[in-house]
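Open the structure in your viewer and keep the sequence panel beside it. The tour goes from stop to stop: select what is named, then read what is there.

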Amino acid sequence: MKVPFLDLQAHHQPIREQIDAAIGDVIDKSAFAGGPFVAAFESDFARYCGCKHVVGLGNGTDALWLSLLALQVGPGDEVITVPSTFMATAEAISYCGARPRFVDIDEQTYTMDPALLERAINPRTKAIIPVHLFGQCADMDPILDIASKHGLPVVEDACQAHGAQYKGRKAGTVGVLGCFSFYPGKNLGALGEAGGVTTDDKELAARIQVFRDHGQHRKYHHSLVGWNARMDGIQGAVLSIKLKHLDVNNLRRQAHALLYDQLLGDMEEIITPFEAPHNRHVYHVYSVRVQERNQILQALADRGISCAIHYPIPVHLQEAYRFLGCDEGSFPIAERCAQEFLSLPMFPELTNEQIYAVAAELKSCISGRKPQSNCLKQ
Ligand SMILES: *Cc1c(COP(=O)(O)O)cnc(C)c1O
């Protein structure tokens with residue numbers, strides 16, 4: 001059986017008419033850059049998350065970057081994050097002229113290990129960005145405790161965690177700012193690039209609104225040097241429609257994850273995801289850990305099962321960050337996970353038959369390799 005990693009066609013087909021009508025509306029009103037459809041989505045998403053303000057932006061990287069600028073992060077500063085993330089988290093730090101400082105992840109949840117945070121703080125530290133990797137929130141309470149002890153703001157990278165919860169609170173509303181990407185493949189995805197920031201802080205929201213619009217506080221009155229980081233009207237209109245389906249789609253992802261857990265849980269060679277008791281994981285990515293991951297990925301591809309790796313190289317070992325001087329071995333958990341992570345097909349429209357097929361093929365690939373590794377051990 002062929003199983004795609006992601007099927008955006010299946011995702012959009014049932015709501016295609018509503019999407020077409022919404023796009024037609026934007027064309028009729030010529031509200032393309034920012035404007036009323038973006039404002040409507042901002043209030044819809046604020047209500048959904050349970051926060052006071054949402055600022056719609058061009059993408060998730062803008063959300064991270066402008067959040068840090070709003071917190072006045074600049075040259076000479078450091079911002080703490082994890083190496084197990086998409087490059088954009090660190091890029092946003094660099095684009096402020098600051099330096100990323102990494103903290104390793106917890107081996108069970110794959111999010112920032114709070115026990116390692118405090119020793120990474122120094123006088124140059126200006127902010128902390130935990131990443132809610134794969135759709136599970138980082139352990140925010142101990143992170144917030146350490147942050148407040150040092151007077152540091154915590155910015156959530158919630159780009160993979162739309163609708164996820166930490167102790168009953170929605171991802172993006174626990175720290176001072178929450179950063180979202182609405183890239184098409186995310187749990188809440190636009191039909192192109194889009195992003196946004198969530199916050200209860202009126203002043204920070206206002207600052208980001210000015211940054212996203214060329215530093216204008218009033219048309220053609222520029223109080224600072226900003227950027228063009230506005231959300232498109234079409235994306236705002238489409239996101240308002242897709243938001244109505246987010247909870248149902250997250251429930252489907254959770255059901256798929258549960259079935260994967262049940263089918264794969266009896267094989268000790270496969271480490272299935274761990275959901276911390278205080279979390280509601282939304283499985284943007286369902287990643288297992290296996291040995292000889294690259295060979296297994298290829299064997300599955302040969303059998304029609306498309307998997308992915310999030311992410312093969314941790315950020316501190318990327319060529320772009322060689323100048324930071326973090327050698328191999330600096331963040332052992334992130335490095336080991338990067339070699340073992342294997343993301344299985346995960347999207348709301350996945351069928352049980354497909355999940356059974358993925359699980360069966362994965363188990364047979366691993367069993368097929370077993371005699372060899374046994375030989376090596378003896
Ligand atoms: C997707 C993603 C981003 C960046 O979002 P874009 O919309 O692609 O700019 C940042 N951080 C994480 C963890 C992401 O998954």
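Start by selecting Thr85, which is buried, with a relative accessible area of 5%. Buried means under 20% relative accessible area, exposed means over 50%, and partly exposed is in between, with a 1.4 Å probe and protein chains only. This is a predicted model, in which local features need pLDDT of at least 70, side-chain atom pairs count only at pLDDT 80 or more, and totals for chains, interfaces and linings use all residues. Residues are numbered from 1 along each chain as its sequence is written, and side-chain values use heavy atoms, with hydrogens and water left out.

**Around Thr85**

Thr85 sits in the loop between β2 (78–81) and α5 (87–95). Helices (H or I, at least four residues) and strands (E, at least two) are DSSP runs, numbered from the N terminus. Now add Thr89: its side chain makes a polar contact of 2.7 Å with the side chain of Thr85. A polar contact is a pair of N or O atoms within 3.5 Å; within protein, one must be able to donate a hydrogen and the other to accept it, and residues adjacent in sequence count only if both atoms are side-chain atoms. Which residues is Thr85 in contact with, leaving aside its neighbours within four places in sequence? Select Val131, Leu133, Asp157, Tyr311 and Val315 to see them. Contact means heavy atoms within 4.5 Å.

**The ligand**

Keep Asp157 selected and show the ligand. An N or O atom in the side chain of Asp157 is 2.9 Å from a nitrogen atom of the ligand. Gln160 has a polar side-chain atom 2.9 Å from a ligand oxygen atom. For Ser181, an N or O atom of the side chain is 2.6 Å from an oxygen atom of the ligand. Taken alone, the ligand exposes 380 Å², and the protein buries 93% of that. These areas come from the Shrake-Rupley method with a 1.4 Å probe; for residues, only the protein chains shown count as cover.

**Strand β1**

Next, select residues 53–57, which make up strand β1. Four of these five residues are buried, so the strand is largely enclosed by the rest of the structure. Add residues 195–199: this is strand β9, which runs antiparallel to β1 and is joined to it by five bridges. Two strands pair if DSSP finds at least two bridges between them. To find one of the bridges, select His53, whose partner in β9 is Thr199.

**Aromatic rings**

Now show the aromatic side chains. How many aromatic pairs does a search of the whole structure find? The search finds 16. Rings of Phe, Tyr and Trp (its six-membered ring) pair if their centres lie within 6.5 Å; planes under 30 degrees apart count as stacked, over 60 as edge-to-face and the rest as tilted. Select Phe45 and Phe180, an edge-to-face pair at 5.0 Å centre to centre and 90° between the planes. Phe45 is in helix α3 (residues 36–49) and Phe180 is in strand β8 (residues 177–181), so far along the chain as 135 residues apart. Both Phe45 and Phe180 are buried.

Then select Tyr110 and Phe134, an edge-to-face pair at 6.3 Å centre to centre, with 75° between the planes. Tyr110 and Phe134 are both buried. For the last stop, select Phe41, Phe45, Tyr48, Phe180 and Phe182, which form one aromatic cluster.
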